[in-house]
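Q: I am new to this structure and would like a close look at a single part of it. Could you pick one helix and walk me through its surroundings?

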Amino acid sequence: MRFSRRSFVLGAGAVVTGAAFAPAAARAAGGTTGTPPWLAESVLYQLYPQSFADGDGSGVGDLCGIVAHLDHLEWLGVDAIWVNPVFPSPLTDAGYDIADYTGVHPRYGDEQDVVLLVEEARRRGMRVLFDLVAGHTSDQHPWFLGSLRDDTDHRYIWASPEQLPEDGSLPEDFVASPGPRAGAFRKNYYDTQPAINYGYARMDPAEPWRQAVDADGPRRNRDEIFQVMDHWLRLGIAGFRCDLAATLVKDDPGWVETGRLWGDLRARVARRHPDAVLISEWGDPETSVPAGFDADFYLPVNGPGDGAPWKSLWHENPYFGAAGTGSPKVFIDAWTEATERIGRGRIMLPTANHDSANRLNDGVRTPQELPAAFAFLLTWPIVPALYYGEEIGMRMVDGLPEVEGSAGRQRNRTPMQWDGGPNAGFSTAPAEQLYLPIDPDPQRPTVAGQRDDPGSLLNLVRRLLALRKRYPELGTRADVRVLADGYPLTYLRGDRFLVTTNPRREPAAAAVPDARLAGARIVEDGGARVDGDEVVVPGFGYGVFDLAG
């Protein structure tokens, strides 16, 4: 797997235990309390704005394009939308190099378009979340340009000439100043992304440029980032997905100071905007939620086994693979341990994203395998995170040109496939002007092509989301009891709904020691059937049964 250069490693993570779990009362462990209740039962939908819908014919997606397609998301059953960065940027990292935290890049629209998006989403019962990239800016940000002219400015991590090695070399992750300030600055990832100074948890005489977390520069930066958050929250944004949240304080064993930083920001947000949420890109809910976040993702990197819970499901000898050689136990054990510590409803699970999490339809896994994956994703007690196009089975497309620092990640960023018209309905611009080429497969799936087909993946996802909303037993607050953790994965939700899913090509069966099985009513039929005291599931099949009849 090609990891994003934006990835980071947290370490060994938690030791996982157990294969079944019936949660106790929801609680926070040591961190912030009072998580807004709306998050626990939400379904998050990630929009890559460049690629979702082009409203002005420029070839690049924009805010008006998103507004024009909110009806699709309402029809699908989405509750919250996460929009990747739309801020002014020189686009050396597709907008994660921000030149103005409180502006809007003209290619996406303006602030009034943000307000319109929030209002139109709210009218449809949805919330809008933005990205918060708190760890670095662009080297074109006024903060950085100001620091280049002022040796006393500590907004970024600078090493003066006398602090640098005498042989003229630069420490790891440092970039020579472009002038007029002498010395070098510390970067995050690309050379165009200077790291904001939140201080170091430990001092080191060998690195005299280090400042403590309570120095003037780090304290000023915490205040400024809160002002950025407050700006967007006052415009109606419902919260933030916080980019690379574990990396703000440097050399921080156990993330003690990082946790204090986020706990302080979370408390400030809660006082002024009690309904807002903070979701971390951390990959280790057992660490990040007690630090002050309302939720965290399982990701292909970080946390238990360096991303093992996510990878064991979707990527490395995955459970959701036709060969049938994987196991869901790695995920279940990690989820169990984390949930026991942090309370339920705060662990998020994506199938894919804009970064290093490949699409389900990845060139190995075929479209016929996807329904079984969604039967699990949308009935397990996590907050599901859908990446745009996953609901129709859009595929990962290799061999595309790199654009805006994509570094291989462009294969997950192709334009949304709305219909069978030119550019798949994404844009009226000439094909050569598109942000990225449309998937060239003439059989590519589209929203229009699947919407009127009851047997389509799109309609399955919609029905599962409707079931989740209709029955609390299928949400995050109800118990889960695993009856079989092989093929098929079989579990009981809220002591009422039996879910079974078989992602391998061969059929499978599982014993269900429950007298109610004989009278069970199937509510989502993917070929599974009851045979005595067993459920029998065909290859790539699934089923959701109501044991209450």
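**A close look at helix H6**

A: Let's begin at the end of the helix: just after H6, Gly 236 adopts a positive phi of about 105°. Keep in mind that this is a predicted model.

Now step back to the helix itself. H6 covers residues 216–234. It is built of 19 residues and spans 27 Å from its first C-alpha to its last, close to the 27 Å expected at 1.5 Å a residue.

Which residues of H6 are buried? They are Gly 217, Pro 218, Asn 221, Arg 222, Ile 225, Phe 226, Val 228, Met 229, Asp 230, His 231, Trp 232 and Leu 233. Here "buried" stands for under 20% relative accessible area. The cover over these buried residues includes helix H4 (111–123), strand S3 (127–132), strand S7 (239–242), H7 and strand S8 (277–280).

One of those neighbours, H7, deserves a longer visit. Two packed helices are described by the angle between their axes and the distance between the axes. For H6 and H7 (residues 256–272), the angle is about 35° and the axes lie 11 Å apart. The crossing of H6 past H7 is right-handed.

Where do the two helices touch? On the H6 side, the residues are Arg 222, Asp 223, Ile 225, Phe 226, Met 229, Asp 230 and Leu 233. On the H7 side, they meet Leu 261, Leu 265, Arg 268, Val 269 and Arg 272. Sorted by character, the residues of this contact are seven nonpolar, no polar and five charged.

The spacing of these positions is worth following on your screen. An α-helix has 3.6 residues a turn, so residues three or four places apart point the same way. With that in mind, trace Arg 222, Phe 226, Met 229 and Leu 233, which are among the H6 residues that meet H7. These four also appear in the list of buried residues of H6. On the partner helix, try Leu 261, Leu 265, Arg 268 and Arg 272, which are among the H7 residues in the contact.

To put the picture together, H6 packs against H7 at about 35°, through a contact with seven nonpolar and five charged residues. Helix H4 and strands S3, S7 and S8 are also included in what covers its buried residues. After the helix comes Gly 236 with its positive phi, which brings you back to where the tour started.

How values were computed. Residues are numbered from 1 along each chain as its sequence is written. This is a predicted model: local features need pLDDT of at least 70, side-chain atom pairs count only at pLDDT 80 or more; totals for chains, interfaces and linings use all residues. Side-chain values use heavy atoms; hydrogens and water are left out. Axes are lines fitted to C-alpha atoms, for helices over the stretch in contact, and angles run from 0 to 180 degrees between N-to-C directions. A crossing is left-handed if the near helix is turned anticlockwise from the far one by less than a right angle, and right-handed if clockwise. Contact means heavy atoms within 4.5 Å. Ala, Val, Leu, Ile, Met, Phe, Trp, Tyr, Cys and Pro count as nonpolar, Asp, Glu, Lys and Arg as charged, and the others, Gly among them, as polar. The expected span of a helix is 1.5 Å times one less than its number of residues. Buried means under 20% relative accessible area, exposed over 50%, partly exposed in between (1.4 Å probe, protein chains only).
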